[in-house]
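I opened the notebook with three topics to look up: a strand and its neighbours, the salt bridges, and the internal cavities. The entries follow in the order I took them up, after one term I had to settle.

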Amino acid sequence: MSRRVVRQSKFRHVFGQPVKADQMYEDIRVSKVTWDSSFCAVNPKFLAIIVESGGGGAFMVLPLAKSGRVDKNFPLVTGHTAPVLDIDWCPHNDNVIASASEDTTVMVWQIPDYVPMRNMTEPIVTLEGHSKRVGILTWHPTARNILLSAGGDCAIILWNVGTGEALLTLDDLHTDLIYNVCWNRSGSLFVTTCKDKHLRIIDPRQHLMVAEKFKPHDGARPVRAIFMADGKIFTTGFSKMSERQLALWDLKNLEEPIALQEMDTSNGVLLPFYDPDSSIVYLCGKGDSSIRYFEITDEAPYVHYLSTYSSKEPQRGMGFMPKRGLDVSKCEIARFYKLHERKCEPIVMTVPRKSDLFQDDLYPDTPGPEPALEADEWLSGKDAEPILISLRDGYIPVKNRELKVTKKNILDSRPPTGPRRSQSTCDANFSNSALQELLEEIRSLRQTVQTHEKRIADLENKLCQLTNGTD
C-alpha cells in the first residue's frame, strides 16, 4: 500500500538566486528614515528607490537596463520639502509614480522614457488634504487614476489624480496610526491594520466598515494584512511572546484564523508580497537576510511552507516586480529588488524546468496595464475584475502615455462680480493697430520658444543616447 508523504506542488522546488554583480545597481544612498515601508517600487520599465537627500525628500528613478554603478550626480525626483516615506507606480501607466512625504503632501510624477539631465522638481499634480505626514500610498487595481493615501492624521483619502481632487475622505474609521492598506482584487474593498490593534475591512464608497477583528495577533508590534485573490485575508504579526506569526482568515468568520503559524523571534516587521497567479506569499522582514515563501491552497492546512532564500546581508527594503515584467523564457515566477545600505540587488525566483517552451501552468493570464473602469464609473458603484493579458510572447512595455490632469476651475461656476469694463473705457491712446502688432509679436515669440524647446529635447535625447552608448 503506497502512501503519499510529500504534498504535490509545482512550486515545491522554487529557488532564489541573486543576479551577477554587473546587473546590480551600486552606489545608491538608500534612505535611513525609520518607517516600515518597502522604500522601493519597480515596474517593467523603471526602478524607483527612496534615497537620502539634504534639504527635503527625494527618490531616484532608474531605467531597469541602467545597472552598474550609479553616478553620484544622477538626477533625482526632488519636489518634497521633507523625507519621502512611500512610493508606488501606477498599475495602468508605467511612466507615472506617486510619492508620499512627511511634508503632508502626495505628489504624482510623469517620468520620461529618457534619463533627464536635471533633477525633477515639478510634479504633474500635488494632492493636499492630510494634516500630518503621509506614509501609505496604493493605487486602485482596476479603476483609472484612483489613488489611496493614508496619513498620520488617521485619515484615508481617495483621490482622482486626473482632476487633482479628493473623491472620498474616511477620517472617522481609525483611532490611531494606520500601518498598512491593501485593496482586494476588484477594488471594491480594502483591508487596513492600525496601531489600535484592529483589523478592518472597509467599503470606501459606502463609508462602511464591513468587518472588524480586534487583535488578529496578540503582540504589540505592527500587523500587516493583504487580500488573497479568493477574498481571504493573510496577516503577519507577533505573539505575546514576540514570536513572529502568520495567519489566514476567512472574511465570513473572523473569530478564529483558519491557519496560524509561528516562525521565529526576530523583531523586524514582516512585509508580505503576494502573487495571485501562483498563490504564493513571500515574506521579507526588514533587517532580515532571508525571504520565506509559502503556497496558499484551499485544503488544510491552507498555508504550506515552500522554502527560504537566505543571504548574508540584511535588507533595508524590498521591491516586487509585477508579473508582466518577468522573463517567462527562464521560468521566472518572481523578482525582488533587495535594498542594501549602498546598493540594490535583484533576486530571481525560478521554477526549475527542462523545457524551453512557454509554461502555461506557471503563467496564467495576468492583470495587464489597461484599467477596467474609469474613476467616475467606480465611484458610481461599478466593480470589475482586472483586464488580463497573456504572457506567451512576453510583455513589451508600451511607450510613454501622458497623464492629463484637468483641474476644475472654481471660477467657471462663479458669476462675475461688478460691472465689466467696456471697450470705451480703455485708454484712447492705445489704438487697434497697436494691439494687433502686440498680438503678432506674442505669436512670433511663442513659435520661437516652441522651436527652441523641441531643439533642446532633441539634443537631450541625443546626449542620453551618447552617454548610454559609452556606459
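A cavity, as I use the word here, is a set of grid points where a 1.4 Å probe fits but cannot get out. Its volume is the space filled by probe spheres set on those points. The model I am reading is predicted.

**Entry 1: cavities**

I searched the whole structure and got two cavities of 30 Å³ or more. The largest holds about 110 Å³ of space. I listed its lining and counted 13 residues, with Val61, Phe74, Pro75, Ile111 and Pro116 the closest to the centre. What is the character of that lining, by nonpolar, polar and charged residues? I found 13 nonpolar residues, no polar and no charged.

I then turned to the second largest cavity, at about 80 Å³. Its lining has 14 residues, and the closest to the centre are Cys194, Lys197, Gly219, Arg221 and Val223. Here I noted six nonpolar, four polar and four charged residues.

**Entry 2: strand β10**

I looked at β10, residues 105–110. Are its faces covered or open? Both are covered. Thr105, Met107 and Trp109 are buried on one side, and Val106, Val108 and Gln110 are buried on the other. That fits the tally for the strand, where six of six residues are buried.

Next I checked the neighbours. Strand β9, residues 96–101, pairs with β10 in the antiparallel sense over five bridges. Within this pairing I located Ala100 opposite Val106 of β10. The two strands make a hairpin with three residues between them. In the turn, I noted a positive phi of about 75° at Thr104.

I followed β10 to its other partner. Strand β11, residues 125–128, runs antiparallel to β10, and four bridges join them. There I matched Val108 with its bridge partner, Val125.

**Entry 3: salt bridges**

I counted salt bridges and reached 23. I wrote down three of them.

The first joins the side chains of Asp288 and Arg244, at 2.6 Å from N to O. Which parts does this pair tie together? Asp288 lies in the loop between β25 and β26 and Arg244 in strand β22, so the contact links parts that are 44 residues apart in sequence. I checked burial with the cut-off of under 20% relative accessible area. Asp288 is at 8% and counts as buried. Arg244 is buried too, at 1%.

The second is Asp264 with Arg292, whose closest N and O atoms are 2.6 Å apart. Asp264 sits in the loop between β23 and β24 and Arg292 in strand β26, so this pair ties together parts that are 28 residues apart in sequence. Arg292 is buried, at 17% relative accessibility.

The third is Glu440 with Arg443, at 2.8 Å from N to O. Both residues are in helix α2, residues 432–470. They are three residues apart, so about one helical turn separates them. I noted Glu440 as partly exposed at 49% relative accessibility. Arg443 is partly exposed as well, at 43%.

Last, I traced shared partners. Arg244, Asp264, Asp288 and Arg292 are joined by salt bridges into one network.

Technical notes. Residues are numbered from 1 along each chain as its sequence is written. This is a predicted model: local features need pLDDT of at least 70, side-chain atom pairs count only at pLDDT 80 or more; totals for chains, interfaces and linings use all residues. Side-chain values use heavy atoms; hydrogens and water are left out. Buried means under 20% relative accessible area, exposed over 50%, partly exposed in between (1.4 Å probe, protein chains only). Two strands pair if DSSP finds at least two bridges between them. A salt bridge is a side-chain nitrogen of Lys or Arg within 4 Å of a carboxyl oxygen of Asp or Glu. On a 1 Å grid over the protein atoms alone, a cavity is a set of points where a 1.4 Å probe fits but cannot get out, and a pocket is an open set with protein on both sides within 12 Å along at least five of seven lines; lining residues have an atom within 4 Å of a point. Ala, Val, Leu, Ile, Met, Phe, Trp, Tyr, Cys and Pro count as nonpolar, Asp, Glu, Lys and Arg as charged, and the others, Gly among them, as polar.
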